[in-house]
Amino acid sequence: MSGVFLARLGKLWLACILFFLYAPIAVMAFMSFNASQYYQLPFDFSLKWYEKLAGNQEIVDAATRSVMIALATTVIATILGTAASVALFRYEFRGKRFLQVMLFPPIAIPWLITGTAMLIFFFGVGLGRGTPSVIIGHVALALPYVIVVVSARLATFDATLEEAARSLGADSWTVTREVTLPWISSGVIAGALFAFAVSFDQFVVSYFLSEPGDSTLPVLIYTSIRKGFTPEINAISTIIIVVSMAVMLFAARFSNFGGER
Amino acid sequence: MSANLANQERLRIFGLLSPAYLWLTVAIFLPLSAMLYFSFLSDVPFGDADWHHTTKNYQAFFQTKTYATLLWKSIRLGLTVTAVAVLVGFPCAYVLAKTIKGRSREALFLLVILPFWSNSLVRIFSWAIVLRGNGVLELGLNAILPFQVDVNLMFSTPAVVIGLVHSYLPYVILTSYLALQAIDDNLIDAARSMGANKLTILWRVILPLSLPGLLAGAVLIFVPVVGSFMEPRILGGRVGTYYGTVIEDQFVAVFNWPLGAALSFILLAVVLLILAIASPVLKRAQT
């Protein structure tokens, strides 16, 4: 077999993978513009499912709640995560390695376990289900991502710049504000976008922690799917996937996640 | 003076780190401990429920075969999905890392991992529309093939596997790509100049060097698949009863939280065991 042939075969394989990854999403989006309720073809273009969405108060409420929760998560996780990253980068101290390892469980343990554990604990302390519990859970899931992304950016930062500023008489807060933060700002923005995506797309933890009738968008979609499919779900799902992909494209611009720069 | 400075620094470290780690403690580590405690109770200790300490929840796992069978079913599902994802994803990562050059590589790589960062529930739902009887897959196949076929994969094990591979494939592509990219092309050229054929190069050079990345990807897929419940529910229907769906039921349908906690904890033990076995490999993959 010649190298050219193999290279062509490889590119074909890659094309197949991309088709596999995107075709179902495309079909879903396509069907959300089809007038037929039972996904029947021929295709008859219609916006009626999107119009129906706007009139569905339950979905509008859940969407609003999801965005608010994601924004709250983003703000809290970005501030706490950036502070922790700066400390982990700037100082050497005992137990640092342990603290870095502690970021692993929220990412590595299946959300089913984390979610049910949170449910038990929040009930045990009297907080119960509801939006505050959901936010507490989302922030915990988003924090490790923020710390990893911001730390990756900090790793490219020349620590002697901080020393230079300090030797010129800047106090610690001024150094942070004028030297460190501007340098890592792109990492912080990427971290914030990651945090938003983690929260906005989170289903499992929200599912166990949100109050019935007071749920986030993915939870509402899950309960609707189990009752039966409607093109209305296609429409809202299409909107969700466009939003989350757009957020991640922005995040990719601001971080070198996967890139080779 | 210097002791004062050291104190100040300690205070600063504490001030910067404690909010994040307190949050993780309250939201992750205390709940996990609470779950362990709960798994040894006979009933929820809320209201006026009558409860005492017991090991009957764990006995339920070991005495009836139901739960162990389902756990094994979930582990098998995890192995299947991981194997398919590795076989499909590794060649793809190789093409990205070694065949495609320049700016298009970055764009293609982003395209491959982008779905991974979008909503998993929505992606599973999109497969439901494709796979259902009289769905797009059937219409498409009948349009191409000269004979009529009935394809209704919905509510079957293959549907669950397809959905899960779709969900987690980007993981193995991501980790394999990073490992493959780190392989020096000169090494491959050297092997070739010494007369090694393509298969030998793959087997003796490329695979051993990219193995840590490949295994890291496999672990990252296997662990969440064993704990999956939403995907089997939506795509598996009646055959979609797995260990994860049984845990879900304990919390949202049957309300036997102590049993659910015990089952969750057994799953956690399995997961931790796998992570512990894989940790030397995962550490190598990081560097």
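Colleague: How many residues does each chain give to the contact between chain A and chain B?

Modeller: First the criterion: two residues are in contact if their C-beta atoms, placed from the backbone, lie within 7 Å. Here 68 residues come from chain A and 68 residues from chain B. This is a predicted model; local features need pLDDT of at least 70, side-chain atom pairs count only at pLDDT 80 or more, and totals for chains, interfaces and linings use all residues. Residues are numbered from 1 along each chain as its sequence is written, while chains are lettered from A and ligands numbered from 1 in the order in which they are written.

Colleague: Which element supplies the largest share on the side of chain A?

Modeller: Helix α1 (residues 3-32) of chain A, with 14 residues. Helices (H or I, at least four residues) and strands (E, at least two) are DSSP runs, numbered from the N terminus.

Colleague: And what classes of residue make up that side of chain A?

Modeller: The classes are fixed by residue type. Ala, Val, Leu, Ile, Met, Phe, Trp, Tyr, Cys and Pro count as nonpolar; Asp, Glu, Lys and Arg as charged; the others, Gly among them, as polar. The side of chain A that touches chain B has 55 nonpolar, 11 polar and two charged residues.

Colleague: What confidence does the model carry?

Modeller: The model scores ipTM 0.88 and pTM 0.89. Per residue, read pLDDT, the predictor's confidence from 0 to 100. Chain A has a mean pLDDT of 87, and 95% of its residues reach 70 or more. Chain B also has a mean of 87, with 95% of its residues at 70 or more. Within chain B, confidence is lowest in α6(B), at a mean of 75, and highest in α11(B), at 94.

Colleague: Where in chain A does pLDDT stay under 50?

Modeller: Where pLDDT is low, the predicted coordinates should not be read in detail. In chain A that concerns residues 257-261, where pLDDT stays under 50. The model has seven contacts beyond four places in sequence for this stretch.

Colleague: How many helices and strands does chain A have?

Modeller: Chain A has 12 helices and zero strands. The C-alpha trace of chain A spans about 75 × 65 × 30 Å along its principal axes. Among contacts in chain A with a separation of 6 or more, 79% join residues 24 or more positions apart.

Colleague: What percentage of chain A is buried?

Modeller: Count neighbours. A residue is buried if 20 or more other C-beta atoms lie within 10 Å of its own, exposed if 12 or fewer, and partly exposed in between; C-beta atoms are placed from the backbone. Buried residues make up 44% of the 261 residues in chain A. Take A:Gly81, in helix α3 (residues 57-90) of chain A. A:Gly81 counts as buried because it has 30 C-beta neighbours inside 10 Å. Beyond four places in sequence, A:Gly81 touches A:Leu143, A:Val146, A:Ile147, A:Val150, A:Gly191 and B:Ala20.

Colleague: How do α2(A) and α12(A) pack, and at what angle?

Modeller: Two packed helices are described by the angle between their axes and the distance between the axes. Axes are lines fitted to C-alpha atoms, for helices over the stretch in contact, and angles run from 0 to 180 degrees between N-to-C directions. Helix α2 (residues 48-55) of chain A meets helix α12 (residues 231-254) of chain A at about 80 degrees, with axes 9 Å apart. The two are therefore roughly perpendicular. The cut-offs: under 35 degrees is roughly parallel, over 145 roughly antiparallel, 65 to 115 roughly perpendicular, the rest oblique.

Colleague: Which residues make that contact?

Modeller: From α2(A), A:Trp49, A:Tyr50, A:Lys52 and A:Leu53; from α12(A), A:Pro231, A:Glu232, A:Asn234, A:Ala235 and A:Ile236. By class, that is six nonpolar, one polar and two charged residues.

Colleague: What span should α5(B) have?

Modeller: The expected span is 1.5 Å times one less than the number of residues. For the 12 residues of helix α5 (residues 120-131) of chain B, that should be 16 Å; the end C-alpha atoms are 17 Å apart, which agrees. As for cover, 12 of the 12 residues of α5(B) are buried.

Colleague: What is the phi of B:Phe155?

Modeller: Near 60 degrees, a positive value in a residue other than glycine. B:Phe155 lies in the loop between α6 (136-144) and α7 (157-181) of chain B. B:Phe155 counts as partly exposed, with 18 C-beta neighbours inside 10 Å.
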